[in-house]
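Got your viewer ready? Load the model below, and let's walk through it one selection at a time.

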Amino acid sequence: MSDHEYGGSDNLSLPKATVQKIVSEILPASSGVSFSKEARDLLIECCVEFITLVSSEANEISEKEAKKTIACDHITKALDTLGFGEYIPAVMEAAAQHKETQKVREKWSNKQSDLSLEELEALQNEQFKAAAERHA
């Protein structure tokens, strides 16, 4: 299936630097394994195709339910329909983490005007540390 089947565009992509950073975190430098630019570009194409496939299926599910917004439930149903049911627990965990992050961001945006630059930097460093621990 290609982007053209979904009315997509050949210009769809993911940021190369972000994908490279994710791969670098998974493949530690000590392993001696490198990831070529061609492999990274192929991985990006696969990711875009996967996103297109899942979002198209989720859109069909939401339309059948007469909904105008694709919800998390539509994504999980799409994953199950497409044979990717084993990813659903990880997707639900990521969604819960995202919700929690959004709550924290809302709190911080309300508090930002009350904090000094040093305090904001300390909070940012705490978040970087927490993220690194989650992905270690």
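Start with the whole chain as a cartoon: from the N terminus on, the elements run α-α-α-α-α. That makes 5 helices and 0 strands (DSSP runs numbered from the N terminus: H or I of at least four residues for helices, E of at least two for strands). This is a predicted model, where local features need pLDDT of at least 70 and side-chain atom pairs count only at pLDDT 80 or more, while totals for chains, interfaces and linings use all residues. Residues are numbered from 1 along each chain as its sequence is written, and side-chain values use heavy atoms, with hydrogens and water left out.

Next, switch on the surface. The chain's accessible surface is about 10,400 Å², and 56% of that belongs to carbon and sulfur atoms (Shrake-Rupley method, 1.4 Å probe). Of the 136 residues, 15% are buried (under 20% relative accessible area, 1.4 Å probe, protein chains only).

Now select V54, A58, I61, A78, L79 and I88: these 6 residues make up the largest nonpolar core (buried Ala, Val, Leu, Ile, Met, Phe, Trp, Tyr and Cys joined through side-chain atoms within 4.5 Å). Helices α2 and α3 (72-81) each supply at least two of its residues, and α2 gives the largest share, 3 residues.

Zoom in on A58. Skipping neighbours within four places in sequence, A58 is in contact with I70, H74, I75 and A78 (contact means heavy atoms within 4.5 Å).

Last stop: S62, in helix α2 (residues 37-64). Is S62 buried or exposed? Buried, with a relative accessible area of 1%. Show K67, T69, I70 and H74 too: S62 touches these, not counting residues up to four places away in sequence.

Conventions
Buried < 20%, exposed > 50% of the residue type's maximum accessible area, 1.4 Å probe, protein only.
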